[in-house]
Amino acid sequence: MDADALYADVIDKYSRHINPHLAKLMAFAGFGVEMRGEGCYIYDHEGRQFLDCLGGYGTFSVGHRHPKVIEAVQNQLGQITLSGKAFFSKNAADLAEKLADITPAGIEFSFFCNSGTEAVEAALKFSKGATGRVKIVSTTESFHGKTMGSLSTMGRAKYRKGFEPLLPGVEFVPFGDAEAAANMVDDATACMIVEPIQGEGGVIVPPDGYLRALRQACDKHGAFLIFDEVQTGLGRTGKMFGCDHEGVSPDIMTMAKALGGGVMPLGAVSGTATIWEAIYSENPLSHTSTFGGNPLACAAGLAGIQVIEEEGLVERSAELGVLLKSGLQSVADKHSKWIKEVRGRGLMVGFEFAEDEVGELVVAQLLKHGVCVAYALNNPRVLRFEPPLIISAEQIEYAVEAVDKALVETDDLLAMLV
């Protein structure tokens, strides 16, 4: 099947069997059919190469198909793949120990699942079960997943609409407003869930001291503090975890995306001994998963963390994040009529436009220059740059130049339409 026929066949099947509206959107933007990934690049059905500055929304922190992660998974394929759950799993035990070693103080136990939204579901369930309380505090413009419980804490009404009533007792406060959070958290609160940096909200970095203030508010009322580190975790922000910038430990932490080494789906909810005792002491089977923590996924997770540590990717994220942010700022200064702000930490950078729909046009133009990005789901004015942490300075320079060219072309295009 030639490239054109393959593309038409895939779009036809998406339209008839997956999501016709998504098919139209992706085709309009110029996205082809992904056929291969290697390092920092994606290759489509026509053999075109794209520098992946989206990185699977933070999934490909060690790049596509990192050799050490692939080797670990291939070795595991020759032993045992999925678990029957009747026996102990060495890989799960090793990964849980490793997470206890690298997570903030007090986080000692982990439950493994398959995605970020599953991890959030477990975190909410554990909070309610351990406290006996109902109230949950979340933040506006937050993103915690799209299954029913996690969707209930989604800070964007657009995604909750049509699926209500959802989980009762959820209240929202503005992200970054410590005073509003302190006023909302009370003796009826089971937990507050927050991203150390909002990803889908548009890469929003909170004020210094915000996470410490949330810790104090939760401690005052005996509520649990949940840090959703699904996007910010494992080196993305220039620290191992986003909360490490303030040195604050949560009671519960959720992880996914990068946790699977860019090869396997893997999520985790990690927490304190107090919470695990409350949840599992009377019933060791109170929360389980058939596929969660399977040997293949845990092998990938262990290898991925090993790569992050051995290749110094946390430090690399901090160093190259400065280069990416400063480069994009220079482009923003050049195109000031279109760009409102550049912000972020490490290799998690938001590029905010001053007007709606301009960013969508720039995404399409960037694809023509071989660079893949996307806008934030809760703030389409913001393009997110979350490339693999293995990206080079030269690749960042190429991406920045492509953004400049894409803006010039978008400017010309909009001028023609006026």
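**Why is it called that?**

Visitor: Why is D208 called exposed?
Guide: The relative accessibility of D208 is 69%. Exposed means over 50% relative accessible area, buried means under 20%, and partly exposed lies in between (1.4 Å probe, protein chains only). D208 is past the 50% mark, so it counts as exposed.

Visitor: And what are we looking at?
Guide: This is a predicted model, where local features need pLDDT of at least 70, side-chain atom pairs count only at pLDDT 80 or more, and totals for chains, interfaces and linings use all residues. Residues are numbered from 1 along each chain as its sequence is written, and side-chain values use heavy atoms, with hydrogens and water left out.

Visitor: What makes R345 and D208 a salt bridge?
Guide: A salt bridge is a side-chain nitrogen of Lys or Arg within 4 Å of a carboxyl oxygen of Asp or Glu. For R345 and D208 the N to O distance is 3.6 Å, so the pair passes. R345 sits in strand β11 (residues 339-345) and D208 in the loop between β7 (189-194) and α10 (210-221), so this pair ties together parts that are 137 residues apart in sequence. By the way, helices (H or I, at least four residues) and strands (E, at least two) are DSSP runs, numbered from the N terminus.

Visitor: Is R345 buried, partly exposed or exposed?
Guide: R345 comes out at 23% relative accessibility, so it counts as partly exposed. Elsewhere, salt bridges that share partners join K340, E341, R343 and E352 into one network.

Visitor: How many salt bridges does the structure hold?
Guide: There are 23. One of them links R36 and E38 at 3.9 Å, N to O. That value is within the 4 Å limit, so it makes the list. Another of them joins E46 and R48 at 3.3 Å.

Visitor: Why is R36 called partly exposed?
Guide: R36 has 45% relative accessibility, so it falls between the two cut-offs. E38, at 33%, counts as partly exposed too.

Visitor: How do you know that α12 is close to its expected span?
Guide: The expected span of a helix is 1.5 Å times one less than its number of residues. Helix α12 (residues 295-310) has 16 residues, and 22 Å is expected; from its first C-alpha to its last it reaches 22 Å.

Visitor: Why do you call α12 largely enclosed?
Guide: Of its 16 residues, 12 are buried, so the rest of the structure largely encloses α12. Among the buried ones are P295, L296, C298 and I308. What covers them includes α4 (67-77), α5 (90-102), β4 (109-113) and α13 (313-334); contact here means heavy atoms within 4.5 Å.

Visitor: What makes N294 a cap of α12?
Guide: A side-chain oxygen of N294 lies 3.1 Å from the backbone nitrogen of L296, at the N-terminal end of α12. A polar contact is a pair of N or O atoms within 3.5 Å; within protein, one must be able to donate a hydrogen and the other to accept it, and residues adjacent in sequence count only if both atoms are side-chain atoms. The 3.1 Å distance is inside that limit, so it fits.

Visitor: How do you know that β4 and β10 pair?
Guide: Two strands pair if DSSP finds at least two bridges between them. β4 and strand β10 (residues 267-271) have five bridges, in the antiparallel sense, so they pass. In β10, G271 is the bridge partner of F109.
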